[in-house]
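Please open the model in a viewer and keep the selection tool at hand. The stops below proceed by selection, and each states what is to be found there.

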Amino acid sequence: MSNTPSPLRVTHWPTRDGHRIGVATLDAERSLNALTLDMIEALDAQLTTWQQDDSVVAVWLEGAGDRAFCAGGDIVALYRALQGDAHAARDYVVRYFRAEYALDYRLHTYPKPLLAWGDGIVMGGGMGLLAGARHRLVTERSRLAMPEISIGLYPDVGASWFLNRMPPGIGAYLALTGAQLNARDALDLGLADQLVPAECREALIDALCRADYGNVTTLNDRAIHAVLAAVADRDQAPPAQLWPWRDHIQRLTSAADAAQACAAILADRQQDDWLAANRRRLGDGCPLTAQLAWGMLERHRRASLAEALRDELSLSLRCCLEGDLAEGVRALLIDKDKQPQWSHADVPSVPAAEVAAMLHSAWQCDDHPLATLGEKG
């Protein structure tokens, strides 16, 4: 029997009326609960079990410790896989992202109330988990971002879909700059539903366990809404970083293409620490990522979540095998020299033909690993 600890800790909270709330804890505190393949597969299997268990009326998803909900995917494991046999590397990349995106879709479509406790760092793959929950909870300590510009990937985990659901140009700005958002920003942009002060976590759990549940999901959801309304306190949110600059950001991203938008952002001279940090991140970031992020948002402006995730699987594979991801991870997390040698000098230098080739699907429709995503059965 393996002595390796499970990457997912599963418990249950009993409710007053004899039901249970299933609790899934991403249990990798040292890595800020980065999503490993084992963790993804374990969570997906547990959600299936709870979906079929009539005694479980809701699911609570959280990360171990108080520093992070989930800081992203296990990109170090991806990097290591890419250093080995080419066929094995491809198989691992497909397996990892297929499992992650299928899990994200499951969360979005889960039939029982699902609460995500987005305390602390919520980035990359963590954003995919939070976005899929029916009740997306943040605290005054939450810090959200899609920071793929810094590692040579692009905003995935459904971001090609959910960034497009924001006011025009805002999602593009977040994708290009990897801007870090606080709880107020998340509420303003529709990335979170409620702010619950971190110190109220236990009171919230106690109230959830004392609520009245039954066998009707709609009524259970109503009970949870009532509990959250009583505990949530938006007055505890930090000051907005993005909303005061909404019109300014929309002017910056009102561009014909990625090169124009990036040029406008980099030329901006507004004296604001948050905007300046975003400019630096874009300036140091991967030029190919900027083009791909812009391209994905353009092509999925009116797509479904399932369509976006299918497209993301293909692009993520290409980023691993043909793009700059390995170099970005090397510079940031392996050698930690923070001096990535990107394949292009700047955003305008990326050939349009290369972007088009990267965005071209790696599969035919009928043999796509996520071909059945979104089908009812």
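Begin with the second largest pocket of this predicted model, which has a volume of about 290 Å³. Select Asn164, Pro168, Gly169, Ala172 and Arg301, which lie nearest the centre of this pocket among its 17 lining residues. Then colour helix H6 (170–177) and helix H13 (287–299), the elements that each give two or more residues to the lining of the second largest pocket. By class, this lining comprises nine nonpolar, six polar and two charged residues.

Remain on H13 and select threonine 289, which belongs to this helix. Is threonine 289 buried or exposed? Its relative accessible area is 0%, so threonine 289 is buried. Display its surroundings next: apart from neighbours within four places in sequence, threonine 289 is in contact with Glu148, Ile149, Gly152, Leu153 and Tyr154.

Now select Pro147, Ser150, Ile151, Leu332 and Leu333. These five lie nearest the centre of the largest pocket, which is lined by 41 residues. The volume of the largest pocket is about 1,100 Å³. Which elements give two or more residues to the lining of the largest pocket? They are helix H2 (75–82), helix H3 (86–108), strand S6 (121–123), strand S8, helix H12 (273–284) and helix H15. The lining of the largest pocket divides into 20 nonpolar, eleven polar and ten charged residues.

From that group, isolate H2. Six of the eight residues of H2 are buried, and the helix is mostly covered. Show Ile75, Ala77, Leu78, Tyr79, Ala81 and Leu82 as sticks, for these are the buried residues of H2. Bring H3, H14 and H15 back into view, since they are included in what covers the buried residues of H2.

Keep helix H14 (residues 305–321) on screen and add H16. How do the axes of H14 and H16 run relative to each other? They come within 8 Å and cross at roughly 120°. The two helices are therefore oblique to each other. To view the contact itself, select Asp311, Leu315, Arg318 and Cys319 in H14, together with Ala357, Met358 and Leu359 in H16, which they meet. The residues of this contact divide into five nonpolar, no polar and two charged.

Two backbone positions come next. Most residues other than glycine have a negative phi. Select lysine 338, in the loop between helix H15 (325–334) and helix H16 (352–359). Its phi is near 55°, a positive value in a residue other than glycine. Lysine 338 has a relative accessible area of 60%, and is therefore exposed.

Then move to valine 157, in the loop between strand S8 (143–145) and helix H5 (159–162). Valine 157 also has a positive phi, near 45°. Is valine 157 buried or exposed? With a relative accessibility of 1%, valine 157 counts as buried, because buried means under 20% relative accessible area.

Turn next to the interior space. How many cavities of 30 Å³ or more does a search of the whole structure find? The search finds one. About 40 Å³ of space lies in the largest cavity. Select Met127, Ala145, Met146, Leu163, Leu174, Ala179, Leu181 and Leu191 to display its lining. The lining of the largest cavity consists of eight nonpolar residues, with no polar and no charged ones.

One of these lining residues, Met127, leads to helix H4 (residues 125–132), where eight of eight residues are buried. The buried residues of H4 are Gly125, Gly126, Met127, Gly128, Leu129, Leu130, Ala131 and Gly132.

For the last stop, select alanine 226, which is found in helix H9 (residues 217–231). At 48% relative accessibility, alanine 226 counts as partly exposed. Finally, add valine 10 and draw a distance between the two C-alpha atoms. Alanine 226 and valine 10 are 26 Å apart in space and 216 residues apart in sequence.

Methods. Residues numbered from 1 in each chain as written. Predicted model: local features only at pLDDT ≥ 70, side-chain atom pairs only at ≥ 80, totals over all residues. Heavy atoms only, no water. 1 Å grid on protein atoms, 1.4 Å probe; cavity = no way out; pocket = protein on both sides within 12 Å on 5 of 7 lines; lining within 4 Å. Points joined across faces, edges and corners; volume = space filled by probe spheres on them. Nonpolar A, V, L, I, M, F, W, Y, C, P; charged D, E, K, R; others polar. Helix = DSSP H or I, 4+ residues; strand = E, 2+ residues; numbered from the N terminus. Buried < 20%, exposed > 50% of the residue type's maximum accessible area, 1.4 Å probe, protein only. Axes fitted to C-alpha atoms, helices over the stretch in contact; angles between N-to-C directions. Parallel < 35°, antiparallel > 145°, perpendicular 65-115°, else oblique. Contact = heavy atoms within 4.5 Å.
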